[in-house]
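Q: Please take a close look at how charged side chains pair in this structure. Then place that part in its wider setting.

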Amino acid sequence: GTTTAAAVEKQQPAQVPEVKAAAPQSEQAQPPNPQQQAKKKSGGGGAKKPPQAAAPAAVIDVSRLDMRVGFIRTAKLHPDADGLYLEEIDCGEDAPRQVISGLVKHIPIAEMQERPCVLLCNLKPAKMRGIMSHAMVMCASTPEKVEVLAPPADSKPGDKVSIEGFVGTPDAQLNPKKKVFEAIQPDFLVSPAGNALYKGVEWKINGQPITAQTMRGCGIK
């Protein structure tokens with residue numbers, strides 16, 4: 001006889017369900033890391049730093065200049081320039097400074113010997129016709145005439161120039177690229193009384209004015 005479909009089904013072996021091997025420990029889902037979640041929420045780089053404020057611009061006024069009393073010990077002609085004096089000037093330091101000034105056409109060499117002056121001491125040293133100059137003699141000046149400014153009679157080399165209302169620490173050395181002196185100098189003037197002024201305020205040393213000999217109402221440089 002023939003077998004029924006039911007009998008055939010009974011004879012088929014039972015299918016065993018496939019069992020997958022457990023994933024290795026490294027592949028199993030890990031619990032969320034609170035620090036990583038915090039980074040994702042904040043963009044992954046932590047909190048952004050606020051932009052820094054720009055540094056305030058340095059004040060440009062006469063307090064940036066280191067002006068002192070000097071004493072010209074000697075002056076002689078520059079060996080390679082007819083219009084320049086080569087001077088040795090005491091400004092209260094361990095050794096005198098070598099200074100070159102374009103004063104030959106305006107002041108006789110005899111008047112440049114052993115005389116007090118006002119010296120700008122924090123210019124960057126500059127070579128003039130092959131010789132270094134380490135300061136500048138301050139003078140009342142027009143295109144036609146020049147006079148060396150005179151400090152008070154009782155001053156001594158190294159005494160500092162002060163100008164009321166302009167207090168600060170002078171630059172150790174003026175940066176020529178910043179043009180600090182060039183920005184300040186136009187406000188220098190000799191008053192009708194012959195006193196050196198900055199923005200209308202007298203230059204003083206030990207409370208006494210700095211003066212020009214005869215020139216009035218002119219610039220200073």
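A: A residue counts as buried when its relative accessible area is under 20%, as exposed when the area is over 50%, and as partly exposed in between. Arg68, at 11%, is therefore buried. The model is a predicted one, and what follows starts from this arginine.

Side chains of opposite charge can pair when their charged atoms come close. Arg68 does so with Glu93: their side chains meet in a salt bridge, with 3.1 Å from N to O. The two partners come from distant parts of the chain, 25 residues apart, with Arg68 in strand E1 (residues 67–77) and Glu93 in the loop between strand E2 (85–90) and E3. Glu93 has a relative accessibility of 32%, so this residue counts as partly exposed. The bridge thus has a buried arginine on one side and a partly exposed glutamate on the other.

Glu93 has a second arginine partner. The side chains of Glu93 and Arg97 also meet in a salt bridge, here with 2.7 Å from N to O. Arg97 has a relative accessible area of 14%, which means that this arginine is buried too. The local picture extends beyond these residues: Asp66, Arg68, Glu93 and Arg97 are linked in a network of salt bridges. In the whole structure, a search finds eight salt bridges.

Another of these contacts involves E1 and E2. Glu88 forms a salt bridge with Arg73, and their closest N and O atoms are 3.9 Å apart. Glu88 lies in strand E2 and Arg73 in strand E1, so this contact ties together parts that are 15 residues apart in sequence. Here both partners fall in the middle class of exposure: Glu88 is partly exposed at 33%, and Arg73 is partly exposed at 38%.

The strands that carry these residues belong to a sheet. Strands of a sheet pair through backbone hydrogen bonds, either parallel or antiparallel. In this model, five strands form an open sheet in the order E3-E2-E1-E4-E7, with antiparallel pairing. E3 and strand E7 (136–137) are the edge strands, each pairing on one side only. E4 and E7 run antiparallel and are joined by two bridges. Across from Met136 in E7 stands Leu120.

The loop that leads into E4 has a backbone feature of its own. Most residues other than glycine have a negative phi. Glu114 has a positive phi of about 45° although it is not a glycine. This residue is found in the loop between strand E3 (97–101) and strand E4 (115–120). With a relative accessible area of 60%, Glu114 is exposed. Lys179 is another such case: its phi is near 55°, again a positive value in a residue other than glycine. Lys179 sits in the loop between strand E10 (162–163) and helix H3 (180–184). At a relative accessible area of 48%, Lys179 is partly exposed.

The loop between E10 and H3 also leads to the aromatic contacts. A search of the whole structure finds four aromatic pairs. In one of them, Phe166 and Tyr198 are edge-to-face, with 4.9 Å centre to centre and 75° between the planes. Phe166 lies in the loop between E10 and H3 and Tyr198 in strand E12 (residues 196–198), so the pair ties together parts that are 32 residues apart in sequence. Phe166 is partly exposed, with a relative accessible area of 22%, whereas Tyr198 is buried, at 1%.

Tyr198 has a further ring partner in Phe188: the ring centres are 5.8 Å apart and the planes are at 70°, so this pair is edge-to-face. Phe188 is in strand E11 (residues 188–190) and Tyr198 in strand E12, and the contact links distant parts of the chain, 10 residues apart. Both Phe188 and Tyr198 are buried. Together with Phe181 and Trp203, the residues Phe166, Phe188 and Tyr198 form one aromatic cluster.

To return to the part asked about, Glu93 meets Arg68 in one salt bridge and Arg97 in another, and Asp66 is linked with these residues in the network.

Note on methods
Residues are numbered from 1 along each chain as its sequence is written. This is a predicted model: local features need pLDDT of at least 70, side-chain atom pairs count only at pLDDT 80 or more; totals for chains, interfaces and linings use all residues. Side-chain values use heavy atoms; hydrogens and water are left out. Helices (H or I, at least four residues) and strands (E, at least two) are DSSP runs, numbered from the N terminus. Buried means under 20% relative accessible area, exposed over 50%, partly exposed in between (1.4 Å probe, protein chains only). A salt bridge is a side-chain nitrogen of Lys or Arg within 4 Å of a carboxyl oxygen of Asp or Glu. Two strands pair if DSSP finds at least two bridges between them. Rings of Phe, Tyr and Trp (its six-membered ring) pair if their centres lie within 6.5 Å; planes under 30 degrees apart count as stacked, over 60 as edge-to-face and the rest as tilted.
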